[in-house]
Amino acid sequence: MQIIRNRISYHIPRFGFKYLCDTTFLNEEHLQIQKVALDFAKEKMLPYASDWDKNNYLPSQVLKELSEMGFATIYVKQELGGVGLDHLSASVIFEALSYGDITTTATLAVQNLCAYLLANYGTEEQRKVWIPRINSFDALVAYCLTEPNSGSDNKNMETYAKKDGKDYIINGIKCFISGGSVSDLYLIVCKTSEKDVSSILVEKDTPGLSFGKVEDKMGWHASPTTRVILENVRVPQSNLVGKEGQGFKMGMSALDGGRINISSCSLGGASLALDLAKDYLQDRKQFGQQLSNFQGLQFKFADMAASLVTSRLIVRQAAMKLDENQIDKSLYVSMAKTYATDSCFDVANDALQLHGGYGYLREYQIERIVRDLRVHKILEGTNEIMRMIIARNLLK
Amino acid sequence: MKVLVAVKRVVDSGIKVRVKPDGIDLQGVKMTINPFCEIAVEEAVRLKEKKLIAEIVAVTIGPKQGAESLRHALALGADKAIHVTTEARIDQAVQPLDVANILAKLVERDNYNLVLMGKQSIDDDFNQTGQMLAGLLDWPQATFASNIQITDGIAQVIREIDGGLQTVKFKLPGVITCDLRLNQPRFASVPNIMKAKSKPLETIPLDKLGKLHNSIQITKTEAPAIRKGGAIVENVDVLIQKLRNEAKLF
């Protein structure tokens, strides 16, 4: 494991996550799992999150431990090699782990998304090879959908896989790929005909596969993001996941779960921001009193708290609809994603303001949460697209 | 070899307790497994992984929520659990001698070779139950264990005592109570949490095994005095006068 030098010790909230940890909708098993995840997050992630961010370090050892605890294949059925829990459990887990570090939890969420696709759509061979490797963190998997010319308009993709004998030859460029250049497996979503979108596996070191530079981002520093370039990449047709033309349906079904996960990551980050703000308001004195005595700040804090609780409720409700496969699940997932990611970013941003000048310093961690949460409004479907989905469902 | 591990469900060490006239306010308060009991479970699991013991049975005494601590023990690696049920307040009415008597009954019923417990519970801090149990069973005991080795039915335990470290050796069966530095409990994995659901959990009403005598009565519960400011003294005489008359040290 790479040793991080120059570790400054960062403030860890005194009574973190306990006050607003409502247990609505959670049964005993959820609570047990939440405890394990939160204990792990506070002990093994929170003290190091700022270092990982500062050094652009993907913490493989921690991800390995998390995977071995069963957090990499949360909603993959047991008979397919996963842990066999539900999306509500996943939401609880990601919320707890994000309290420790948002970016690393997001990396784990991608593992879950890819494992879900491989388990539910892959061949038995693909499942038997990759699910155990994901469970032991022997393989980091990247999901490649977005291209320079197709983001929200993802049907407009140009990456093309042409049949050649028993192989596919794939050409194209994918961008904004989390885990690019360091992953072992790339799940490429590409066109296999004029109309058909398919998902094809490309392993690292396949000739023709190369990567752009690691993007210099505002946040999510503990996860490298690069372009993935495919130049005449040749893979056997047995690398197809699911059927030709199914790629789109697969993506949409995976994204519903992915959206719950990213919203849950926002919840965890906002929880930490709220706890840090609480400690600051009670410690800092100006004009002869604690900041927590000033009504303006009390009102701001109250709004932040209510916002967090509401976000948590809508995310958990959407997760339950997804678990029960209800007909309006995508509507609720979209509402949850846009509401929670927007609200939680505002909670973190407000927490930064409450910290005054200290909020602007890296040492106080708040600015890292703001930077990390900012992208949640954009990826896994921009919040604008979420609004399109909601309106379409309700107004058509 | 069979091991009995006794676990207690206590108020979580991180929260701020509220004191009411009749004791600590337990309403809605976060409870968790006693940290020293968790260390005892972890030690039992490690001994089983070293193939020194074959079966771990966790036991708790308390109301139905007490089963949480049992499920935690099962998720860490215990094989079976026993829940001795009672509605009495575990932080007040369930007292060391009564607990020791109940555990002694279970030991006689199931023939354990070793009992592992936490050295004390963080709510009442009695530090008596393990010692009393050994006395009732007429078994050797080693308390405040910071290291346990078992070879051929002989236990060698390093104890943390005020004077330093003491090593004792005895032939099993015996009672060992566990201290902080014995081990660092593992995180339960999700598959183990789920497997724990199907491990056997036996429920026994307390009056089938013993009785709560309430021989110790709690007369008062109060919060510690709020810390007042200190003072700088000019010389040793004033210091001694303050220690005698204000702090009432001697």
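Two residues are in contact when heavy atoms of theirs lie within 4.5 Å. In the predicted model, Met335(A) touches Ile314(A) and Ile390(A) in this sense, residues up to four places away in sequence being left out of account. Met335(A) is part of helix 9 of chain A, which covers residues 329–354. The relative accessible area of Met335(A) is 23%, so this residue counts as partly exposed; the buried class ends at 20%. Met386(A) is 51 residues away from Met335(A) in sequence, yet the C-alpha atoms of the two are 6.9 Å apart in space.

Helix 7 of chain A comprises the 37 residues 247–283. At 1.5 Å a residue, a helix of this number of residues should span 54 Å, and the distance between its end C-alpha atoms, 53 Å, agrees with that value. The helix has a kink of about 25°, centred on Asp256(A). Of the 37 residues of helix 7 of chain A, 31 are buried, so the helix is largely enclosed by the rest of the structure.

Helix 6 of chain A consists of twelve residues, 124–135. Its expected span at 1.5 Å a residue is 16 Å, and its end C-alpha atoms are likewise 16 Å apart, which agrees. The buried residues in this helix are Gln126(A), Arg127(A), Trp130(A), Ile131(A) and Ile134(A). Seen down the axis of helix 6 of chain A, the buried residues fall within an arc of 105°, so they line one face of the helix. The face turned away from this buried side carries Glu125(A) and Lys128(A), which are exposed. The cover over the buried residues of helix 6 of chain A includes helix 3 (60–71) and helix 5 (102–121) of chain A. Strand 1 (141–144), strand 4 (185–191), strand 5 (197–203) and strand 8 (240–241) of chain A are also included in this cover. After helix 6 of chain A comes Phe137(A), with a positive phi near 55°.

The size of an interface is often given as the accessible area lost when the parts come together. For chain B and chain A, the buried area is about 1,600 Å², and 63% of it is on carbon and sulfur atoms. Phe187(B), Val190(B) and Ile193(B) account for 39% of the area that chain B buries against chain A, more than any other three residues. The contact involves 20 residues of chain A and 18 residues of chain B. Two salt bridges are counted between the chains. Lys197(B) forms a salt bridge with Glu29(A), in which the closest N and O atoms are 2.2 Å apart.

Definitions and conventions. Residues numbered from 1 in each chain as written. Chains lettered and ligands numbered in written order. Predicted model: local features only at pLDDT ≥ 70, side-chain atom pairs only at ≥ 80, totals over all residues. Heavy atoms only, no water. Helix = DSSP H or I, 4+ residues; strand = E, 2+ residues; numbered from the N terminus. Expected span 1.5 Å × (residues − 1). Bend = angle between axes of the 7 residues up to and from the residue. Buried < 20%, exposed > 50% of the residue type's maximum accessible area, 1.4 Å probe, protein only. Arc of directions from axis to C-beta. Buried area = accessible area lost by both parts, 1.4 Å probe. Salt bridge = Lys/Arg side-chain N within 4 Å of Asp/Glu carboxyl O.
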